[in-house]
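Colleague: I have just opened this entry and would love a guided tour. Could you take me through it and explain the terms as we go?

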Number of protein chains: 2
Amino acid sequence: MNSENKNLGIKELAILAEVSIGTVDRVLHNRGGVSSETKKKVLKIVEDSGYKKNIIASRLKLAATSVIRIAILVPETKNDSNYWSLPLQGVDAAVTELSVFGISAEYFFFDLLHPKSFGERIDPIIDGNFDAIITVPFFEAESNRLLARARKQDMPVVFLDTERTLNSKGNFIRQNSFIAGMVAGRLLHGLVGSQGIYFVVNIVNERGKQINNYQRENGFRAFFSENYKSDQIEIHVINHPMEGELDLTPEIQQAFQIAQPKGIFVTNARSYMLPRLLESNNIVNTRIIGFDLNQKNVAYLKSGAIDFLINQKPQYQGYCALKGLYKYLTEEEDSQLNMDIPVEIVVKENVSFFEND
Amino acid sequence: MNSENKNLGIKELAILAEVSIGTVDRVLHNRGGVSSETKKKVLKIVEDSGYKKNIIASRLKLAATSVIRIAILVPETKNDSNYWSLPLQGVDAAVTELSVFGISAEYFFFDLLHPKSFGERIDPIIDGNFDAIITVPFFEAESNRLLARARKQDMPVVFLDTERTLNSKGNFIRQNSFIAGMVAGRLLHGLVGSQGIYFVVNIVNERGKQINNYQRENGFRAFFSENYKSDQIEIHVINHPMEGELDLTPEIQQAFQIAQPKGIFVTNARSYMLPRLLESNNIVNTRIIGFDLNQKNVAYLKSGAIDFLINQKPQYQGYCALKGLYKYLTEEEDSQLNMDIPVEIVVKENVSFFEND
DNA sequence: CTGAAAGCGCTTACAG
DNA sequence: CTGAAAGCGCTTACAG
């Protein structure tokens, strides 16, 4: 009520409460060993004064004695240009920036094709007594298991890349894939119009279509049904397993013969497979939109063979996850544990700004 | 050479150099009063050890004794929805975030229409002994004067919004307007194609066309001349003084009668003036692209009357300027004093992400 | 259950 | 020209 506007320190609180600073600290951190009467008295002072911990004094002391340790569990990558190296780059950048505050990251890897490999990392991470975990929720059962174990130890978990419903509430830093699909719908329709035939192309690995693919396709369709009489606009779907390069399988050949594609929406990072395929089939004047700024996609964007790319900002996701956890662990401020990463539209002319986030 | 990989502190340096920590500090800060021999010895240790100041210990001490003060000189605003309140919001956010590190901002305002009002703020700012200045380079002579005065006092200056050549090198955090114009060209051409007639509309105040308007128009033209036979694509220009609302002056009426516009590029934030104008003139099927996410622009974007907006991220510019100066003033790290703000493409479906930056 | 004291790494006022 | 000491605000090990 009669809150001071000057920022009091722990010393002033102690004087006001007529106790020592040690006791104030015990109350502030709920360290116990304080009589309930004293605790009440101190808490009142703390609240009335609007006390806010000086985080840099706190970290100066703590960085030297107890470093915050974050476990990072992501898909293993063969090389640095792999998508999954990108969130790690963001994590690294944040660690570098915050290392003086006493924070570190340790990496664990799993195999995208084998849920078991994810499950096997859970024990080492939980037993490692980390302060928090950053991972991706690709495997539902295993993610639930991780989340349940982490909850028991009070370890916050931040999931990157994909949002999915889990048994208990998780934190997600990811792009809204449904909205990304809608944006793709608008951009592609702007180029193609209402007459041409659209294709949604899902080029999937042996695990099949993932949540992001479904959400993006749904968003894409939603754009058309909200803005146009959807039944007048033809949208075909190709689900294609990726075995090495995308090839003119009988299914695709048939699909493209039945209806010549004017606009193609590739629901993941593999849009670079389309231009060659179209060319070898003598299909021209087809507009393409896909995801992610991998080298091949960017090359086709620059050559004009791909019209738009949507950036998920994977580096930024990793960066935000680590900084958000730091903020939560040091200030109990959880507002940055969940983020809706902007759907960033990339064309040839502005791609240079985004190649590193 | 034989650099330690552990981060040494000033205490360890002092032991290695066989001097007191006070002396090490004198050398590190060039505070003088050290014999050249001692200085040399200490400097060698500092370099060999790869010493890096612990910035949080430094700020803990300094925040209590000497707060960094930044002067902000921007156009005065009548209301909070004015464009020029946006960079201030970003500055405020950064100040809030960094205030515990001991940084503060003080505001000065000038009248966009009167260079003199800018000039009159120079003395108070220079005499105010600020540590740095954030402003905008709208008036060439006055900006040069400010820069020259600031240089003498070793005050770094960061200019927002617009880049321009000044007598000495300044720091700029701004969007590249030429590239923004190119992006606008690509987006509009995607909707309109090579047959329709394009208009570049500059709606200017009594100071006339500004640097940004020229750069954007040039970028727009460059897109067409680089990608299409520019002489085949008709680009008309309307330069219109803004007196209250944009109206169907004889000039505009004539221009629109001679050639019906299919794509309109508004080179500043006033694209919201076009839809009503077109409607009252019974011109339909015209695509519009403009700048900035002001309320009216966003409303038309949502209604579909405006197709694309380009975001200059003014809040982000202010935020980056303050954080960049903090980094420079505390760590002598100047890499964040110049930034090329991404050309952010906004459509109805993703506008919600950007309304606050 | 509580207090007094040392210390995180850097900065500075004071003493010599 | 140089050193010893106090202090920034918080945390913790120790003593009682």
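**A walk through the model**

Modeller: Happy to. In chain A, 70% of the contacts with a separation of 6 or more join residues 24 or more positions apart. Please keep in mind that this is a predicted model.

Colleague: What makes two residues count as a contact here?

Modeller: Their C-beta atoms, placed from the backbone, have to lie within 7 Å.

Colleague: And what does chain A consist of?

Modeller: Chain A has 14 helices and twelve strands. Its C-alpha atoms fill a box of roughly 85 × 45 × 35 Å along the principal axes. Of its 357 residues, 42% count as buried.

Colleague: What makes a residue count as buried?

Modeller: The test is a count of neighbours: 20 or more other C-beta atoms must lie within 10 Å of the residue's own. In chain A, 42% of the residues count as buried.

Colleague: Let us turn to the DNA. Which residues are closest to DNA strand C?

Modeller: A:Gly22, B:Gly9, B:Ile10, B:Asn54 and B:Ala57 are the closest, and 28 residues surround the strand. Each of those has its C-beta atom within 6 Å of the strand, so it counts as near. Helix 4 of chain B gives the most to this surface, with six residues. By class, the surface has eleven nonpolar, twelve polar and five charged residues.

Colleague: How many residues surround DNA strand D?

Modeller: There are 27, and the closest are A:Gly9, A:Ile10, A:Asn54, A:Ala57 and B:Gly22. Two or more residues each come from helix 2 and helix 4 of chain A and from helix 2 and helix 4 of chain B. Helix 4 of chain A gives the most here, with six residues. The surface near DNA strand D divides into eleven nonpolar, twelve polar and four charged residues.

Colleague: How do helix 4 of chain A and helix 4 of chain B pack?

Modeller: Their axes are 9 Å apart and the angle is about 140°.

Colleague: Why is helix 4 of chain A called oblique to helix 4 of chain B?

Modeller: Roughly antiparallel needs an angle over 145 degrees, and roughly perpendicular runs from 65 to 115. The angle of about 140° falls in neither range, so the two helices are oblique. The crossing is left-handed.

Colleague: Which residues meet there?

Modeller: A:Ile56, A:Ala57, A:Arg59 and A:Leu60 meet B:Ile56, B:Ala57, B:Arg59 and B:Leu60. This contact has six nonpolar, no polar and two charged residues.

Colleague: What makes the two charged ones charged?

Modeller: Arg is in the charged class, and the contact includes A:Arg59 and B:Arg59.

Terms used: Residues numbered from 1 in each chain as written. Chains lettered and ligands numbered in written order. Predicted model: local features only at pLDDT ≥ 70, side-chain atom pairs only at ≥ 80, totals over all residues. Helix = DSSP H or I, 4+ residues; strand = E, 2+ residues; numbered from the N terminus. Axes fitted to C-alpha atoms, helices over the stretch in contact; angles between N-to-C directions. Parallel < 35°, antiparallel > 145°, perpendicular 65-115°, else oblique. Left-handed = near helix turned anticlockwise from the far one by under 90°. Buried ≥ 20, exposed ≤ 12 C-beta atoms within 10 Å, placed from the backbone.
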